[in-house]
Amino acid sequence: MHPQDWISVEEAGLYCHPAKLYIDPMLPVDSAVVTHGHADHARAGHQHVFASAETLAIMKTRYGEEMAEQTTALRMGSPVTLGNDTDPVTMTLYPAGHILGSTQVLLEYRGYRLVISGDYKRRHDPTCPPFEIVPCDVFITEATFGLPVFTHPPLSHEIDKLLTSLAVFSDRCHLVGTYALGKCQRVIIGLREAGYSKPIYLHGALQKLCDLYQQYDIELGELIPVNDVADKSSLAGEIVLAPPSALADRWSRSLPNVRTVMASGWMQIRARARQRQVELPLIISDHCDWPELLQTIEEVSPKEVWVTHGREDALVYQANLMGFKAKALSMVGYDDDEETG
Amino acid sequence: MEAFSDLLEQLYFTSGTNAKAALISHYIATTPDPDRGWAMAAIAGELKFDFFKRNTIKALMLERIDENLFAMSYDYVGEMSETVAHLWQPETPPSGDVELPGLNEVVDTFRNAKRTEVKPLLVALLDNMTASQRWALIKLGTRGLRIGVSARSIKQILANYGGVPIEEIEALWHGVEPPYTELLSWLENKGPKPDISDRVTFHPVMLSHPIDDDTREKLAASEWQIEPKFDGIRVQLVSAPAGKALFSRTGDDISGSFPDLLDTIDHNLVLDGELLVMHGDKVDTFNQLQQRLNKKKPSAKLMQSLPVAVMAYDLLELDGESLMGLPLTERRLRLTDYIEKHPGERLHLSPTYSVTDVAALEKLHQQVTEDTAIEGLMLKRKDSTYIPGRPKGLWYKWKRDPLLIDAVVMYAQRGHGKRSSFYSDFTFGAWEGDTLLPVGKAYSGFTDEELKKLDNWVRRNAVGRFGPVREVKKELVVEVAFDAVHPSSRHKSGVAMRFPRIHRIRWDKPAAEADTLESVKGLIETA
Ligand SMILES: [Zn+2]
Ligand SMILES: [Zn+2]
């Protein structure tokens with residue numbers, strides 16, 4: 001049966017009727033599968049949550065042990081059956097390459113295959129296995145950077161910009177705005193890969209998730225909480241990471257001669273960077289850029305593409321040009337929050 | 001070109017006047033002539049020709065990308081140069097370290113290029129550039145550099161660089177031309193001061209501040225000269241042995257549009273006044289003046305049906321003598337004297353009023369602004385000398401209270417520049433029976449916080465799309481403030497507003513209670 005007859009957009013989010021299962025719901029529900037731990041996908045208060053073990057650990061770190069009544073950790077590539085025994089839905093998770101624990105969701109029902117990409121990217125990222133091409137009839141793709149203006153430069157190029165700035169403005173504390181989950185650790189790894197071995201300083205809000213990444217044997221090098229630094233003037237010429245919301249608040253005023261840096265895919269658009277009063281924008285994204293979105297659609301080659309989560313219009317239009325049947329799937333609750341870009 | 005592009009990139013992301021000035025000074029000190037002079041000219045907005053047209057860029061881009069994808073990208077980015085900078089893909093990837101031509105070479109190349117050569121030149125450059133270099137080139141070539149450095153700041157930076165008072169730069173500025181080699185060599189003590197005595201030059205004008213209630217209530221009325229604020233445009237008329245010119249208040253030479261006015265002046269002087277369409281003594285509306293302003297080469301018929309004149313309120317120079325150091329009262333006497341001796345239809349003396357106390361001033365404001373052709377009052381200290389720029393406490397403007405209506409938001413579009421990627425341009429309408437007719441567009445008046453709320457509201461309440469324009473549910477009422485409203489045959493509603501801005505967002509007010517088109521028409525100005 002065609003997925004349009006068993007999948008719909010409800011108030012809480014995308015709903016699979018025969019499995020009685022929501023995908024990344026924004027309101028508390030009985031049964032949910034969560035693709036990854038970002039707040040615009042993972043919420044607390046569900047009865048039963050299916051997710052990767054890493055995602056469950058992230059949710060517990062953020063929302064506490066009681067974040068759901070019941071949890072089921074799923075292994076990538078291992079199917080589970082849901083719904084009516086005689087008319088089941090088979091669900092399998094596959095890697096999405098977005099952040100630690102991120103997955104795509106494959107739902108199979110009455111001979112049709114539907115893949116929900118969640119958020120994904122195609123670039124190298126040592127914190128998670130790479131995005132896997134999963135053949136399907138309907139592919140629901142995100143479109144956070146779904147416009148041809150978005151082409152993300154290589155990570156090493158952007159890290160170089162930061163290191164060059166550090167050399168030129170060697171007396172300035174480089175305060176880098178990074179989203180706590182994923183972006184923060186990716187910037188740290190990028191710095192380490194570029195040979196930066198000095199300690200990196202962290203705002204308190206980033207600490208717990210970095211600890212969690214390290215528990216998963218992801219090497220982040222020496223991290224020091226800013227709060228443990230008695231003499232803040234010693235942070236001149238150092239790299240401090242903080243959540244974007246802390247860039248302009250009171251907290252940052254204690255740092256010496258701050259140079260404001262921000263790591264996000266949105267930083268490619270000048271006005272966006274300036275709206276945040278960023279002096280050094282770094283284009284570092286955990287999502288696909290435009291060429292990668294097109295490449296993925298081409299490679300998955302589904303019968304139909306449904307586009308959600310961002311700039312749907314352009315990607316629907318382009319998918320049509322490429323010969324795919326495509327439509328926008330508008331969902332409430334998914335904010336194109338610049339912090340997760 | 002690399003150095004210039006780097007400078008722009010850094011200026012763009014640097015906030016704070018001092019930090020920007022430091023970057024520019026460093027660039028001047030380390031960049032050779034004539035590149036550095038062209039850079040100053042570009043930043044100060046002194047380039048007098050486009051290297052290429054925006055349409056040329058767009059046409060080249062559309063040879064390389066689907067039209068709809070371009071439109072969607074432009075709509076999102078909100079700015080043509082940046083959209084193209086990101087979308088441009090070199091036909092063949094740049095081969096390693098190609099050195100770009102210097103800024104002077106780029107300027108020269110485009111200035112001397114034949115029409116047919118422009119496109120290939122541009123393509124060759126864009127192909128070898130990074131996205132931010134492409135952005136810089138397009139900004140430069142279409143004279144669209146807006147990086148928060150004013151012409152005045154450039155003059156200040158040059159003054160500091162040479163250790164001379166800014167007044168000296170101000171006085172020279174409109175007599176020297178890019179790439180300013182002589183000026184820079186003088187500032188570096190390597191050459192003589194440029195001689196501009198034989199040029200027809202613009203003299204930077206003195207500007208006023210809006211008056212606040214506090215200042216107004218404490219005013220010693222007898223110390224002030226009070227003038228009506230006409231609804232025209234501020235001009236400077238210069239007539240010298242070397243020639244004649246009419247300048248806008250920013251120093252643009254607009255002589256070409258007003259030969260009928262310049263022909264009537266044959267005296268050595270510099271006059272400050274308001275340009276108006278006048279039939280004898282009768283002042284016509286701004287709407288009519290607009291028709292003259294739009295014509296670079298007016299026909300004899302237009303000049304006859306809409307004759308322009310200057311309502312003079314200041315005299316800066318007469319017969320080669322500078323009057324700028326004299327107090328206003330004395331300049332006024334000289335001006336009155338001159339106009340009395342040279343009567344004509346093209347030059348009028350702006351009236352003045354005198355009041356003895358604040359109460360009388362308030363009454364005067366009320367009376368004067370009953371005439372919809374008057375924008376308000378100008379208050380000038382009688383002892384003020386003529387100081388270019390916007391000195392504090394000497395000249396004030398007291399505008400008429402804005403007109404207000406409650407209108408319903410109908411369409412929204414993403415903004416440009418600082419507000420790009422947010423829905424920030426709103427078309428609003430008034431009721432005619434039970435249909436709404438658009439009466440204006442506003443893109444300012446709200447705070448950043450309100451902007452985010454409006455953007456969010458639009459995204460949640462969009463019902464249709466026409467290209468970049470989103471139609472929204474007819475549910476949100478905004479209080480719109482504007483300076484005037486004119487009849488207009490170009491708009492379906494029959495009206496056009498002047499300077500509409502959003503005064504308040506009426507989240508609480510039902511759309512049905514917004515104003516009618518009839519009440520808007522009741523506010524139309526009459527000549
Ligand atoms: Zn995400
Ligand atoms: Zn997301």
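**Entry 1: the domains of chain A**

I began with the domain bounds, which come from an automatic or database domain assignment. I kept in mind throughout that this is a predicted model. For chain A, I noted domain 1 as 3-149 + 287-328 and domain 2 as 155-282. I then looked up how far apart they sit. Over C-alpha atoms, the centres of domain 1 of chain A and domain 2 of chain A are separated by 30 Å.

**Entry 2: where the two domains of chain A meet**

How many residues of each domain are in contact? I found 21 residues of domain 1 of chain A in contact with 15 residues of domain 2 of chain A. Together these two domains bury about 1600 Å². Carbon and sulfur atoms carry 68% of that area. Next I asked which three residues supply the most on the domain 1 side. They are A:Thr61, A:Leu100 and A:Phe145, with 30% of the area that domain 1 of chain A buries against domain 2 of chain A.

I sorted the touching side of domain 1 of chain A by class: 9 nonpolar, 6 polar and 6 charged residues face domain 2 of chain A. I looked for salt bridges across this interface and the rule gave 0. For polar contact, the rule gave 5 residue pairs, both at pLDDT 80 or more.

**Entry 3: the zinc ion (ligand 1)**

I turned to the metals. Which residues coordinate the zinc ion (ligand 1)? I listed A:His36 through NE2, A:His38 through ND1, A:His98 through NE2 and A:Asp119 through OD, at 2.2 Å. The spacing of these donor residues in sequence is H-x1-H-x59-H-x20-D. The angles among the 4 donor atoms run from 90 to 162°, and I recorded the site as irregular.

**Entry 4: the zinc ion (ligand 2)**

For the zinc ion (ligand 2), I wrote down A:Asp40 (OD), A:His41 (NE2), A:Asp119 (OD) and A:His309 (NE2) as the coordinating residues, at 2.1 to 2.7 Å. In sequence, these donors follow D-H-x77-D-x189-H. Why is the arrangement irregular? It is irregular because the 4 donor atoms around the zinc ion (ligand 2) subtend angles of 87 to 154°. For the reasoning I needed the cut-off: four donors count as tetrahedral if all angles lie between 85 and 135 degrees.

A:Asp119 appeared in both of my lists. I checked it, and A:Asp119 bridges the zinc ion (ligand 2) and the zinc ion (ligand 1). The two ions lie 3.5 Å apart.

**Entry 5: chain B and its domains**

I moved on to chain B. Its domain assignment gives domain 1 (2-142), domain 2 (209-399) and domain 3 (403-521). I looked up one separation here. The centres of domain 1 of chain B and domain 2 of chain B, taken over C-alpha atoms, are 39 Å apart.

**Entry 6: chain B against chain A**

The size of an interface is often given as the accessible area lost when the parts come together. I therefore looked up the area here: chain B and chain A bury about 2500 Å² between them. Of this, 53% is on carbon and sulfur atoms. The contact involves 27 residues from chain B and 25 residues from chain A. Which residues of chain B lose the most area to chain A? I noted B:Tyr12, B:Phe13 and B:Tyr76, together 29% of what the chain B side buries.

Last came the polar side. I counted 3 salt bridges between chain B and chain A. I looked at the pair B:Arg465 and A:Asp313, which form a salt bridge with the closest N and O atoms 2.6 Å apart. Between the two chains, 9 residue pairs are in polar contact, both at pLDDT 80 or more.

Technical notes: Residues numbered from 1 in each chain as written. Chains lettered and ligands numbered in written order. Predicted model: local features only at pLDDT ≥ 70, side-chain atom pairs only at ≥ 80, totals over all residues. Heavy atoms only, no water. Contact = heavy atoms within 4.5 Å. Buried area = accessible area lost by both parts, 1.4 Å probe. Salt bridge = Lys/Arg side-chain N within 4 Å of Asp/Glu carboxyl O. Polar contact = N/O pair within 3.5 Å; in protein donor to acceptor, adjacent residues only side chain to side chain. Nonpolar A, V, L, I, M, F, W, Y, C, P; charged D, E, K, R; others polar. Donors = N, O, S within 2.8 Å, 3.2 Å for Na, K, Ca; no water. Tetrahedral: all angles 85-135°; square planar, octahedral: opposite > 155°, others 65-115°.
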